[in-house]
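Let's take a walk through this model, from one buried side chain to a pocket and a salt bridge. Have the viewer open as you read.

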Amino acid sequence: MKNFIKDFKEFAVKGNLVDLAIGIIIGTAFNKIVSSLVKDVIMPPFGLVFGEKGFTEYIWTLQEANLDENGEVISEAVVISYGTFLQHCLDFLIVALTIFVVIRLFNKLKNKAEDEAETSVPTPKDIQLLAEIRDLMKNQNEYFRDNFGKQ
């Protein structure tokens, strides 16, 4: 049990847990922004083009609601809410596109930082050391091949 607690403390202190929590919080806030953008900015013009009602009100009624003589609902209507579905699909596309653009930008920056020939971005110390080790091993292999290779 001590090892478990020690490992968890190490995990939490390293920042992995904090990074994950920050990512979830930012993702949740971003989802609210995208949902509002789609619901409040993008969909109203679509609703205007297709009719006077909001886009989420577009439904396909499979079965009407059953009412008794007092007007109370006996059984709910069975409907397919295709307007809401299309709105959620648009939400997803915007979030997916945004995440794609951000990851693509991070990958470009990462590749640029790892490129030894690129001098505008300083190469991280660990990558620099690995490159030096690779070059030393390459020189050592050439030396052994030239001096002790095929005779």
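Where is Gln-87 found? Gln-87 is in helix H3, where helices (H or I, at least four residues) and strands (E, at least two) are DSSP runs, numbered from the N terminus. Before going further, the ground rules: this is a predicted model, in which local features need pLDDT of at least 70 and side-chain atom pairs count only at pLDDT 80 or more, while totals for chains, interfaces and linings use all residues. Residues are numbered from 1 along each chain as its sequence is written, and side-chain values use heavy atoms, with hydrogens and water left out.

Back to Gln-87, which counts as buried because its relative accessible area is 9%; buried means under 20%, exposed over 50% and partly exposed in between, with a 1.4 Å probe and protein chains only. Setting aside neighbours within four places in sequence, Gln-87 is in contact (heavy atoms within 4.5 Å) with Val-38, Lys-39, Met-43 and Thr-56.

Helix H3 also holds Asp-91. Does the name Lys-39 come back here? Let's see. Asp-91 is buried yet has no salt bridge, that is, no side-chain nitrogen of Lys or Arg within 4 Å of a carboxyl oxygen of Asp or Glu. The nearest side chain of opposite charge is Lys-39, 9.5 Å away; for charge, Lys and Arg count as positive and Asp and Glu as negative, with His and the chain ends not counted. What Asp-91 does touch, apart from neighbours within four places in sequence, is Val-34, Ser-35 and Val-38.Next stop is the loop between H2 and strand S1 (60–63), the place to look for Tyr-58. Is Tyr-58 buried or exposed? Tyr-58 is buried, because its relative accessible area is 11%. Not counting residues up to four places away in sequence, Tyr-58 touches Gly-47, Phe-50, Gly-51, Lys-53, Ile-80, Ser-81, Tyr-82 and Gly-83. Of these partners, take Gly-83: Tyr-58 and Gly-83 are 25 residues apart in sequence, yet 4.8 Å apart in space, C-alpha to C-alpha.

Now for the empty space. The largest pocket has a volume of about 160 Å³. On a 1 Å grid over the protein atoms alone, a pocket is an open set of points with protein on both sides within 12 Å along at least five of seven lines, and lining residues have an atom within 4 Å of a point. The volume is the space filled by probe spheres set on the points, which are joined across faces, edges and corners. Lining the largest pocket are Gly-23, Ile-26, Gly-27, Phe-30, Asn-31, Val-95, Thr-98 and Ile-99. Two elements, helix H2 (16–50) and helix H3 (82–114), give two or more residues to that lining, and H2 supplies the largest share, five residues. By class, the lining has four nonpolar, four polar and no charged residues; Ala, Val, Leu, Ile, Met, Phe, Trp, Tyr, Cys and Pro count as nonpolar, Asp, Glu, Lys and Arg as charged, and the others, Gly among them, as polar.

How many salt bridges does a search of the whole structure find? The search finds one. Arg-134 pairs with Asp-135, the closest N and O atoms being 3.1 Å apart. Arg-134 is partly exposed, because its relative accessible area is 43%, and Asp-135 is partly exposed with 35%.

Zooming out, the protein has four helices and four strands, following the pattern α-α-β-β-β-β-α-α along the sequence. Of its 151 residues, 9% count as buried.

Note on methods. 1 Å grid on protein atoms, 1.4 Å probe; cavity = no way out; pocket = protein on both sides within 12 Å on 5 of 7 lines; lining within 4 Å.
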